[in-house]
Amino acid sequence: MKTCPKFTFGVGDRFAHGAHAQLTAFIEAKKLGIDIVPVWNKSNREHNIIGSEPSQTRAAADKAVADLGWTGDYLLDADHINLTTVDRFVAPCDFFTLDVADDIGEAATAEDVAAFIAKHPELIGTVSIEGIDRPFEITQADVEKAANKFLKATQKAAAIYQHIVAAKGGVDEFVTEVSMDETDSPQTPPELLIILAAIADQGIPIQTIAPKFTGRFNKGVDYVGDLKQFETEFNDDLAVIAHAVKTYGLPATLKLSVHSGSDKFSIYPIIKQALRRTGAGLHVKTAGTNWLEEIIGLAEAGGSGLDLAKQIYAKSLEKKAALCEPYATVIDIRDEKLPTAEEVNGWTSEQFTSALRHDQANPGYNADLRQLLHVGFKVAAQLGDTYLNALVENREVVSKNVTGNLLERHMKPLFL
Ligand SMILES: [Zn+2]
């Protein structure tokens, strides 16, 4: 197992042109005493939409690290992979996010469920966990229900994990994450405890786990939900993880992973405080927020850059249904709030960037337009070299936005 650093921060570089600007944010953060390790993540879904290969993400990351003289650790995440999609990620990646969200609810065999219950009497009854005031009251029926819901998913995670180890020549020199976030209902802290017991039974050296939290974690926009409830749940999850590490012998580096973690400004103070209080580590996964900064940079550049940004918006609007479909559980777009393509065509650079940049204090900010453009990267991918050349031509203004967004709006509020 490759030990996962305490604080890791996932960045997505959809078009493999942003790694330098992203790494610059980590370098600037380090100067401020924020020690975070970059993890370049790109899911199979994103590679398919763009038509890219994981080896290209690796090349872009390696080049940025070499060019900028980054001597710290860095990782490459095979994000949201499963048994059918993992193979092309095996060679370039050293972080694997085993996605078993779709397997939740698929029942394990009755024998396996019975064996799990028999093996874990400690999960039944009054379960006291350090750091949680009220002990969990868990019945045998609760454990059985959770086992029926999650045991099969953990068995599938084990199969993916073993497949990766075998494909790596029998060597586990990577970080393993298990993700369950892209599903309809959140996992409660008692369920998380049961899931971790099952993952330990499966022999998965899990170092980060991405549950689905309460509330909406929509792509590219702020958290929508009950902050008090999130705070309780997040703190309980941290306590459950610490308890599971001790009880089930899971890696001491096991930590929470917050997916769709970019732009969740209202929960950052809660997360920061919880980390300070407990000394826990954290992985935050961001991806699309970087691509949006590319569009902001192009719009800010004016001229042909602004024209291209408008063109991408118009096409995204036209193809909205198809673009949104793969992201249904992680976006909420109100059609009536979307400006027409004609309206946007008349915008100045400032109007465009005000609408798109994630500054909720700006009266021009439009969260619906932002979410639509978030899923609109396929349109840019279809523009091919036209889009990539625009990134190169406007490198300075694009980079300024990519770096500034990560550093000022994400790293400082979370870690400083
Ligand atoms: Zn995710």
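**Exercise 1. The barrel**

Task: In this predicted model, determine how many strands close into a barrel, and in which order they do so.

Solution: Eight strands close into a barrel, and, followed around, their order is β1-β2-β3-β4-β7-β8-β9-β10, with parallel pairing. Averaged over the sheet and with direction ignored, neighbouring strands are turned by 25° against each other. As a next step, take one pair from this order: strand β4, which covers residues 95-99, joins strand β7, which covers residues 175-179, through five bridges in the parallel sense. Within this pair, Thr-97 has Glu-177 of β7 as its bridge partner. Finally, a helix can be added to the picture, for α6 (residues 140-167) lies across both β4 and β7 and runs at about 150° to β4.

**Exercise 2. Helix α6 and helix α7**

Task: Work out whether α6 and α7 are parallel or oblique to each other, and find which residues make the contact.

Solution: Begin with the geometry, in which α6 and helix α7 (residues 189-201) pack at an angle of about 45° while their axes are 9 Å apart. Angles under 35 degrees would count as roughly parallel, and those from 65 to 115 as roughly perpendicular, so α6 and α7 are oblique to each other. The handedness comes next, and here α6 passes α7 in a right-handed crossing. On the side of α6 the contact is made by Val-143, Ala-146, Phe-150, Leu-151, Thr-154 and Ala-157, and on the side of α7 by Glu-191, Ile-194, Ile-195, Ala-198 and Ile-199. Sorted by class, the residues of this contact are nine nonpolar, one polar and one charged.

**Exercise 3. Helix α5 and helix α6**

Task: Describe how α5 and α6 cross, and sort the residues of their contact by class.

Solution: The axis of helix α5 (residues 110-119) and that of α6 come within 10 Å, and the two cross at roughly 130°. That angle makes α5 oblique to α6, and the crossing of the two helices is right-handed. From α5, the residues in the contact are Asp-112, Val-113, Phe-116 and Ile-117, whereas α6 brings Gln-140, Val-143, Glu-144, Ala-147, Asn-148 and Leu-151. When these are sorted by class, one finds six nonpolar, two polar and two charged residues.

**Exercise 4. Helix α1 and helix α3**

Task: Find the angle at which α1 and α3 pack, and list the residues that make the contact.

Solution: Helix α1, with residues 19-31, packs against helix α3, with residues 54-68, at an angle of about 50°, and their axes are 9 Å apart. This makes α1 oblique to α3, and α1 passes α3 in a right-handed crossing. The α1 part of the contact consists of Ala-19, His-20, Leu-23, Thr-24 and Ile-27, and the α3 part consists of Ala-60, Ala-61, Lys-63, Ala-64, Val-65, Asp-67 and Leu-68. By class, eight residues of this contact are nonpolar, two are polar and two are charged.

**Exercise 5. The two domains**

Task: State where the domains of the protein chain lie, and describe the side of domain 1 that touches domain 2.

Solution: The chain is divided into domain 1, which spans 7-288, and domain 2, which spans 291-394. Taken over C-alpha atoms, the centres of domain 1 and domain 2 are separated by 29 Å. Turning to the contact itself, 20 residues of domain 1 meet 21 residues of domain 2. On the domain 1 side, helix α2 (residues 44-50) gives the most, with three residues. The last step is the sorting by class, which gives five nonpolar, seven polar and eight charged residues for the side of domain 1 that touches domain 2.

Notes: Residues are numbered from 1 along each chain as its sequence is written. This is a predicted model: local features need pLDDT of at least 70, side-chain atom pairs count only at pLDDT 80 or more; totals for chains, interfaces and linings use all residues. Two strands pair if DSSP finds at least two bridges between them. Helices (H or I, at least four residues) and strands (E, at least two) are DSSP runs, numbered from the N terminus. Axes are lines fitted to C-alpha atoms, for helices over the stretch in contact, and angles run from 0 to 180 degrees between N-to-C directions. Two residues are in contact if their C-beta atoms, placed from the backbone, lie within 7 Å. Angles under 35 degrees count as roughly parallel, over 145 as roughly antiparallel, 65 to 115 as roughly perpendicular and the rest as oblique. A crossing is left-handed if the near helix is turned anticlockwise from the far one by less than a right angle, and right-handed if clockwise. Ala, Val, Leu, Ile, Met, Phe, Trp, Tyr, Cys and Pro count as nonpolar, Asp, Glu, Lys and Arg as charged, and the others, Gly among them, as polar. Domain bounds come from an automatic or database domain assignment.
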